[in-house]
Amino acid sequence: MLTGRMEFREQLDLTFKVNGREHSISLDARVTLLDALREYLGLTGTKKGCNFGECGTCTVHLDGRRVNACLVLAAAAAGREITTIEGLADERDMLHPVQQAFVDQDAFQCGFCTPGQIMSAVACIAEGHTRSDAEIREWMSGNLCRCAAYPQIVAAVRQAAGD
Amino acid sequence: MQGFTYARAAGVSEALAAGREPGTAFLAGGTELLNWMRLEIATPARVLDIAHLSGLDAIETLPDGGLRVGALARLNDVALAPAVVARVPVLSQAILSAASAQIRNLATIGGNLLQKTRCPYFRAEEMLPCNKKQPGSGCAARDGLNDRHAIFGWSDTCVATHPSDPAVALAALDAAVITARGGGGRRIPINEFYLPPDAGQDRNSVLEQGELITAIEIPGSAPRSTYIKIRERESYEYATVSVAVALDLDVWRRIARARIALGSVAARPWRLTGAEQALAGLQPGAAAIAAAVECGFAEARPLAHNAYKIALGRNLVLRAIRLVAEMTP
């Protein structure tokens with residue numbers, strides 16, 4: 001219903017491609033991608049922190065690019081490729097190299113920001129913004145860590161970028 | 001968040017027709033609109049998604065050496081485009097100093113210009129006196145905490161600043177905002193794009209209901225240009241004061257033309273025209289530079305808590321001129 005004739009609707013029938021699987025749900029137009037993932041698809045790995053685009057803990061990949069899921073309407077993400085933290089490990093539950101690097105470098109305390117940190121780090125490495133620690137810090141600045149594990153996070157990104 | 005209906009625009013002409021109806025908001029990156037709706041700064045009845053419209057995100061070079069940037073180009077794509085880095089480094093630097101990598105993947109260059117102020121009284125979740133949020137309610141910042149507020153062009157109705165970094169670079173570059181609307185589009189010089197703070201209640205720009213920014217045009221190039229942003233933390237923070245400087249030097253390395261815009265000092269990017277005129281003909285290292293820059297601050301009127309912005313702005317301009325003069329484009 002989103003393509004073809006332009007029709008304003010309050011309740012929308014949407015199809016999402018999340019971690020390679022299709023899901024069809026009916027949602028109020030106000031629902032964000034973040035709430036659709038957590039509350040309707042049961043994918044609670046993506047965390048809800050500030051809900052204002054200020055903390056980065058809801059970072060997911062939309063068509064391969066990292067974005068704040070709280071700043072995207074679910075309707076705007078329909079039909080596009082979405083990857084969440086649940087989609088990183090392989091089918092045999094082998095950790096993604098960035099996940100392994102966070103474990104190796106002890107890059108978290110409470111762990112709440114970690115899914116967002118890891119999704120951001122995977123994109124940061126793919127973008128090539130890891131040529132120095134300063135560049136890693138700058139391009140990871142959209143992910144806050146209130147436990148202040150920043151030195152270990154930089155080390156984890158550096159390790160994974162070198163793998 | 002109040003309820004609304006959503007549709008994806010079928011094309012530009014369909015978007016323009018639907019956008020004319022009051023209560024309709026265009027959705028591009030969404031990084032501002034969603035938060036406005038959460039805070040009820042905006043309560044549109046209809047949200048029209050234009051992000052996917054084709055042909056509005058190209059970055060092209062113009063015959064005069066300038067650039068045309070489609071309004072829906074994402075901020076990161078603009079900042080990293082080789083033509084932008086080479087021809088207008090000030091714009092690339094300004095964009096990369098803004099927000100975060102994630103937000104810059106969503107936010108568009110056209111939408112960025114339409115940000116509203118970050119004044120904490122305006123953005124407060126509870127209702128505080130703010131003429132921009134509720135006309136006639138007063139300005140809590142005028143006699144409240146105003147260390148982050150304007151030193152130029154403010155009025156008693158509003159002392160807020162505009163938060164955009166890219167807009168400051170575009171102001172120094174004499175860019176034009178290209179729009180489309182039902183009765184024909186417009187070409188609006190960016191330095192005439194923003195309205196004074198006491199104009200038009202919640203209107204911040206000259207855009208009309210349903211008028212859509214389709215592109216930004218930058219005349220010529222400015223390889224000798226830079227953006228410096230001072231802020232309370234090194235990244236992912238709004239400017240305390242920022243500056244965009246573009247210099248043309250003559251064969252004797254004197255300043256043939258200086259273009260200087262300050263950010264976070266007014267309700268729009270603030271061109272220092274007085275300083276620009278006084279700088280013409282001077283050597284960048286000359287002692288007279290400081291006095292020439294000072295001419296740009298003659299109209300500054302600090303509030304109770306922000307006189308520091310005058311000293312900060314002056315020093316920032318001097319630093320940017322030194323940096324730009326040393327560039328080897």
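Q: Which residues are buried in H5(B)?
A: A quick orientation: this is a predicted model, where local features need pLDDT of at least 70, side-chain atom pairs count only at pLDDT 80 or more, and totals for chains, interfaces and linings use all residues. Residues are numbered from 1 along each chain as its sequence is written, chains are lettered from A and ligands numbered from 1 in written order, and side-chain values use heavy atoms without hydrogens and water. Helix H5 of chain B spans residues 89-96 and is mostly covered, with 6 of its 8 residues buried (under 20% relative accessible area, 1.4 Å probe, protein chains only). The buried ones in H5(B) are Pro89(B), Val90(B), Leu91(B), Ser92(B), Ala94(B) and Ile95(B).

Q: In what order do the 3 strands of the parallel open sheet in chain B stand?
A: Helices here are DSSP runs of H or I with at least four residues, and strands are E runs of at least two, numbered from the N terminus. Two strands pair if DSSP finds at least two bridges between them. In this open sheet of chain B the pairing is parallel, and the order is E1-E3-E2.

Q: Which strands of that sheet have one side left without a neighbour, and why?
A: A strand at the edge has a single partner strand, so one side of it is left without a neighbour in the sheet. In chain B, that applies to strand E1 (5-8) and strand E2 (24-27).

Q: Which residue is the bridge partner of Ala7(B) in E3(B)?
A: Strand E3 of chain B covers residues 46-49, and 4 bridges join E1(B) to this strand, the two running parallel. Within E3(B), Ala7(B) has as its bridge partner Leu48(B).

Q: In what order do the 5 strands of the antiparallel open sheet in chain B stand?
A: At the edges of this sheet are strand E4 (59-61) and strand E7 (187-189) of chain B, each with a single partner strand. The pairing is antiparallel, and the strands follow the order E4-E5-E8-E6-E7.

Q: By how many degrees are neighbouring strands of this sheet turned against each other on average?
A: The angle is taken between lines fitted to C-alpha atoms, on a scale from 0 to 180 degrees. With direction ignored, the average turn between neighbouring strands is 25°.

Q: Which residue in E7(B) stands opposite Ala176(B)?
A: Strand E6 of chain B runs over residues 176-180 and is joined to E7(B) by 3 bridges, in antiparallel fashion. Opposite Ala176(B), in E7(B), stands Pro189(B).

Definitions and conventions
Buried < 20%, exposed > 50% of the residue type's maximum accessible area, 1.4 Å probe, protein only.
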